[in-house]
Amino acid sequence: MSPEGAETGGLFGLDTAERIVVKIGSALLVDETGGEIRRDWLNALAEDIAGLKARGKQVLVVSSGAIAVGRRLLGLPKGALKLEDKQAAAATGQVRLAHAYQDALARHGITAAQILLSPGDTEERRRHLNARATLSALLALGAVPVINENDTVATEEIRYGDNDRLGARVAQMVSADTLILLSDIDGLYESDPRSNPAAKHIPHVERIDAAVEAMAGAVGSEYASGGMVTKLAAGKIASAAGCRMAIARGHDPHPLKAIEEGARVTWFAAATSPRGARKNWIAGSLTPKGSVSLDEGALKALKRGKSLLPAGVTTVSGSFERGDLIEILDDGGRPVARGLSAYGAADAKRIAGHKSREIERILGYRGRDELVHRDDLVLER
């Protein structure tokens, strides 16, 4: 941990960020008394996002608020809701929320895209790969994905539990380098600042250990139930994925601009780079389900950092599906790399040895040009 005021800008600002996930809580976006979307606040946030994108940065938004908006539109009472009422509120509010983001971002010529995720979309490999590909395509096309948990069908047993952790899972999925949790508090304190006004603010945390977790307060306390425990859990996920995280106050207009101008926040360091974290996961966390053998030209291309194209594949072995890990062998059967296949074994066999432009004619659909993309591939040491 760094002393107060030691880290501002530079490594712990937004100047070096390339792909940013911004998590927005319901209390920031929705007026709790009337259930109306805070349009002025959202317009200011959209202006901040536009400023980041103008500097070449990619931005994704993880947003709460659908249930809070929907319950007002449906006339549901205050207090705890039954599961089916909560899902009905989410279905109703999500439409209004999506339009609000669309309108706010369109003022700056930015296209918003709505994405609803369930835990399986980030935790099951094939669905993870599909969601990652969709989000990557949207970012490449200049859109801002607006993401929420799929509350309309989720049950308590199959939920992320909170959007802090959802934000971290999204950051992990898209290999983001920065996660910002906009909150009602400007970071981590040594103790609950609501009960101890003299509590010291912690501007930088190198690693979330037991001492840091103790600062979040006892489970069930106001400080902990206010979300610091879940924010630290999100920080652990983000750090392991190579993504630094900031907890920042979000109530005031232009919260992202405030961070850039040196507002007080807590930064949590990443344990590695996003690319390194993904490569380490591929290298050591999965069991290969099959293999492909390469010709000499494809082998040389891999060693130059290129993706594996179908044209360089000579044989396909094993029974694997899209998103499964496969071994990549040289013409002598020796392992040279491993990676996540963009095609199942049956389709891989059909396109092996063919140019990428022939894939649609052979398979009847247009898949990826690569059998294994270089971001999903690790060379053997």
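# Exercises on a predicted model

About 570 Å³ of space lies in the second largest pocket. The model is predicted, so please treat each exercise as a reading of that prediction.## Exercise 1: the second largest pocket

Find which residues are closest to the centre of the second largest pocket, and which helix gives the largest share of its lining.

*Solution.* Begin at the centre. Of the 19 lining residues, Arg 19, Arg 132, Ser 136, Val 174 and Asp 375 are the closest to it. Next, look at the helices. Helix 6 (125-140) and helix 11 (274-284) each supply at least two residues of this lining. The largest share comes from helix 6, with six residues. Finally, sort the lining by character: six residues are nonpolar, four are polar and nine are charged.

## Exercise 2: two helices that cross

Work out how helix 3 and helix 4 are oriented to each other, and which residues meet.

*Solution.* Start with the axes. Those of helix 3 (residues 66-73) and helix 4 (residues 83-106) come within 6 Å and cross at roughly 100°. Angles of 65 to 115 degrees count as roughly perpendicular, and the two helices are therefore roughly perpendicular to each other.

Now turn to the contact. On the helix 3 side you will find Ala 66, Ile 67, Val 69, Gly 70, Arg 71, Arg 72 and Leu 73. Their counterparts in helix 4 are Lys 86, Ala 89, Ala 90, Thr 92, Gly 93, Gln 94, Arg 96 and Leu 97. The residues of this contact divide into seven nonpolar, four polar and four charged.

## Exercise 3: the eight-stranded sheet

Trace the order of the eight strands in the open sheet, then place helix 4 on it.

*Solution.* The order is 3-4-2-1-5-9-10-8, and the pairing is mixed. At the edges are strand 3 (112-117) and strand 8 (204-205), each pairing on one side only. Helix 4 packs on this sheet and touches strand 1, strand 2 (58-63), strand 3 and strand 4 (144-149). The direction of helix 4 makes about 150° with that of strand 3.

For a look at one pairing, take strand 1 (residues 19-24) and strand 5 (residues 178-183): five bridges join them in the parallel sense. One residue pair to locate is Ile 24 with its bridge partner Leu 182 in strand 5.

## Exercise 4: the five-stranded sheet

Why does one side of strand 12 and of strand 15 have no neighbour in the sheet?

*Solution.* First write out the order of this open sheet, which is 12-11-13-14-15 with mixed pairing. Strand 12 (313-318) and strand 15 (377-379) stand at the edges with a single partner strand each, so one side of each is left without a neighbour in the sheet. On average, neighbouring strands here are turned by 20° against each other, direction ignored.

The partner of strand 15 to inspect is strand 14 (residues 335-340): the two run antiparallel and are joined by three bridges. Here Arg 338 stands opposite Val 378 in strand 15.

Last, add the helices. Helix 11 lies across strand 13 (325-329), strand 14 and strand 15, at about 115° to strand 14. Helix 12 (residues 296-303) lies across strand 11 (290-294), strand 13, strand 14 and strand 15, at about 105° to strand 11.

## Exercise 5: positive phi

Locate Ser 175 and His 254 in their loops, and note the phi of each.

*Solution.* Recall the background: most residues other than glycine have a negative phi. Ser 175 has a positive phi of about 55° although it is not a glycine, and its place is in the loop between helix 7 (163-173) and strand 5. For His 254, phi is also positive, near 55°. His 254 lies in the loop between strand 9 (244-249) and helix 10 (255-260).

Technical notes: Residues are numbered from 1 along each chain as its sequence is written. This is a predicted model: local features need pLDDT of at least 70, side-chain atom pairs count only at pLDDT 80 or more; totals for chains, interfaces and linings use all residues. Side-chain values use heavy atoms; hydrogens and water are left out. Axes are lines fitted to C-alpha atoms, for helices over the stretch in contact, and angles run from 0 to 180 degrees between N-to-C directions. Helices (H or I, at least four residues) and strands (E, at least two) are DSSP runs, numbered from the N terminus. Angles under 35 degrees count as roughly parallel, over 145 as roughly antiparallel, 65 to 115 as roughly perpendicular and the rest as oblique. Contact means heavy atoms within 4.5 Å. Ala, Val, Leu, Ile, Met, Phe, Trp, Tyr, Cys and Pro count as nonpolar, Asp, Glu, Lys and Arg as charged, and the others, Gly among them, as polar. Two strands pair if DSSP finds at least two bridges between them. On a 1 Å grid over the protein atoms alone, a cavity is a set of points where a 1.4 Å probe fits but cannot get out, and a pocket is an open set with protein on both sides within 12 Å along at least five of seven lines; lining residues have an atom within 4 Å of a point. Grid points are joined across faces, edges and corners, and a volume is the space filled by probe spheres set on the points.
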